Structures are given as structure tokens and as C-alpha cells.
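Hi,

Here is the structure I promised to pass on to you. Have a look at it first, and my notes follow underneath.

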Amino acid sequence: MGIAALFKQTALRLPDKVAIEFEDQRVTFREIDLQANKVANASNSIGIVKGDRVAQYMPNSLELVYSLLGNFKNGSIVVPMNINFKEQEIHHILHDSGAKAIITDMERLPIVRNVLDKLPNLKNVILVDGMEEGTLNFHEITKKASDREPATIIKDEDYSIIFYTSGTTGKPKGAVLSQTNVTSNLKALEQAWKWTKDDVFLLALPLYHIHGIGVALCGSLYVGNFTILKKKFVAEEVLETIQKRKVTLFMGVPTMYFKLLEVEGLEKYDLSSMRLFVSGSAPLSRDLFYQLKKAFGHEIL
């Protein structure tokens, strides 16, 4: 079963449950599913079909979520890119992956424009927050599209996403994940972490890395929990949100946990609702592990 089919089951099981809260917007599982259908059908209408690479180069947003799931539904392969990358990095990834389209924002458009003439395969630049000559607007093309389930047949061995390595020993290399690579991972995490629809998940990881996308976002949409999505990580805001919203699950990288420990008056925050803190993406030192255990009363996973 492909990723999109797995998420579809969640939307059918919990259609009216709020799936994600982002800033002042709240969307249900059914609404996400229908928006993803629109993205898939809009993509087909502009010539993006199964097997094509679609790069995502934008901050955390609902548009990113819809784009990700829509590409899964029409069989195109997602290529996430770090929003802090400049011309050299994005040129390498777009060229190496053979990306046919890129979804980005006005802030990053000048960087994209600077490499466009070197990328003959890149046919579509899609903006989530504006319109300029030579670009398409995400909301305009999806508004006109059907919200019916696309007819694309997705097989277990089909590719789903290409994550680029950190490139510590050379240029970053595209690590290709199949549909089953992702879905089997989600099922394993559900069991190992006792992750359920009753969890309240605070997601402040960037959605361009396997931790943020392949574990956090995809995992939450699979199990059907309520996710509070942040545009970026702010330590004080994380602690306030855990206390106010009775958060049960949080995932971060070691640097984020360092910043949480530096918050003035850390001891005043009520973190008793928390069930699980997870650290990933980089090694968690022994010292930090024990500092966190003392401060939070939890052994960080």
C-alpha cells in the first residue's frame, strides 16, 4: 500500500477531526485529503506526472503539507530542499534530481531565478504566496482543479521522495525512498513509540529533512493525532505551547533541546502532559541526555 493510500485510510476513519493547526488555521483530515487531490489533479493538468521530480523549497506551511500529499497521490517524486540553501546548493540538487517543477515562495524566488537558465528540465516555478512573470500561483492552479481522487496507480516499489545527504564527504547525494520504505517506517514507529490518534503533537522541526517530513509529519498524518505545526522553532514558544495545549509528543534535534534548557525560568513551565520527547538528526551527548532528564523528568528517546 502506498503512502497516499495509507493517509486516505486516516481521512476516512477520522474525517472531521482537526489534523493540523498552523497559526490561525485549523484543517481536518478530510480537508487535507481533498486539498491533496486538488494538488495532484492540478499537477497533472500542467504536465507533472508519475515519476517526475517536484522540489519543495519553502518554510513550514499548510501549502507544503498539501503539496507533499498531492505529489504522493499523483506519483510524482518529492525533492525537499533546505530553505537556507543558496544558488550553489539548489542548482546541484535541482540538476542532479532532474526536477521538473519547484514549489517555492517570493522570498526564495530570486535565488531560483539565478539558476533557471542552467536547468533545462525545470519547466514550472510555482509560488505559494504571489505571482510573477514566468511563474504559476499555487492557489490559482489548485482552485480550478478537481478534488476527486486521482486515478494514478501507485505501486509499493514506486519512488516517493528523494532526500539529499549532508554531503560531508563530497556533494550531497540523492537517497531515494520507495513507497514501502516510508510506510513500513511509519508502522514501525507507531508500534515502537505507542503513537496514537490521542496524542497532541507539537511539530517545530523544519519540513525539508527526513526527521521533519518522513518521521514527524507523515507519522502524525498516519496515526491521526492532532498536530500543532509551527513555522519555525522558538524555545519559549515551545514550552508555552506544551503547557497551554497539554502537548504529549515533541520531536527535536540536540540544538533545539540545548535552547530549551537555556530558557529563563524553565522550571516554571508545567510539562506534566508530556508522554514522549524524541531527539534525532544528530548525536545526543551523554551530558545533554542527563541535563534533560533532570530538567524535564523524562529520558529523551
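Let me begin with phenylalanine 7, which touches Leu69, Phe72, Leu186, Cys218, Leu221 and Tyr222, leaving aside residues up to four places away in sequence. Please keep in mind that this is a predicted model. Phenylalanine 7 sits in helix H1, and because its relative accessibility is 8%, under the 20% cut-off, it counts as buried. One of its partners comes from far along the chain: tyrosine 222 is 215 residues away in sequence, yet the two C-alpha atoms are 5.5 Å apart.

That pair belongs to a helix contact. H1 (residues 3-13) packs against H8 with the axes 7 Å apart and an angle of about 45 degrees between them, which makes H1 oblique to H8. On the H1 side the contact is made by Leu6, Phe7, Thr10 and Arg13, and on the H8 side by Cys218, Leu221, Tyr222 and Val223. Sorted by class, these are 6 nonpolar, 1 polar and 1 charged residues.

Now to the empty space. There are 2 cavities of 30 Å³ or more. The largest has a volume of about 100 Å³, and phenylalanine 7 turns up again in its lining, together with Ala4, Lys8, Thr10, Ala11, Phe29, Ile32, Asp33, Leu69, Lys73 and Leu221. H1 gives the most to this lining, with 5 residues, while helix H2 (29-45) and helix H3 (62-74) each supply at least two. The lining of this cavity has 7 nonpolar, 1 polar and 3 charged residues.

The second largest cavity has a volume of about 70 Å³. H2 contributes at least two residues here as well, as does helix H6 (138-143). Among the lining residues are Val39, Ala42, Asn71, Ile103, Phe138 and Ile141. This lining has 9 nonpolar and 3 polar residues, with no charged ones.

Finally, the pockets. The largest has a volume of about 470 Å³. Of the 21 residues that line it, Asn82, Tyr164, Thr165, Tyr208 and His209 lie nearest the centre. H8 (211-223) comes back at this point: along with strand E8 (159-164) and strand E9 (174-178), it supplies at least two residues of the pocket lining. By class, that lining has 14 nonpolar and 7 polar residues and no charged ones.

If you want a place to start in the viewer, try phenylalanine 7, since you can go from there to the contact with H8 and to the largest cavity.

Best wishes

Conventions: Residues numbered from 1 in each chain as written. Predicted model: local features only at pLDDT ≥ 70, side-chain atom pairs only at ≥ 80, totals over all residues. Heavy atoms only, no water. 1 Å grid on protein atoms, 1.4 Å probe; cavity = no way out; pocket = protein on both sides within 12 Å on 5 of 7 lines; lining within 4 Å. Points joined across faces, edges and corners; volume = space filled by probe spheres on them. Helix = DSSP H or I, 4+ residues; strand = E, 2+ residues; numbered from the N terminus. Nonpolar A, V, L, I, M, F, W, Y, C, P; charged D, E, K, R; others polar. Axes fitted to C-alpha atoms, helices over the stretch in contact; angles between N-to-C directions. Parallel < 35°, antiparallel > 145°, perpendicular 65-115°, else oblique. Contact = heavy atoms within 4.5 Å. Buried < 20%, exposed > 50% of the residue type's maximum accessible area, 1.4 Å probe, protein only.
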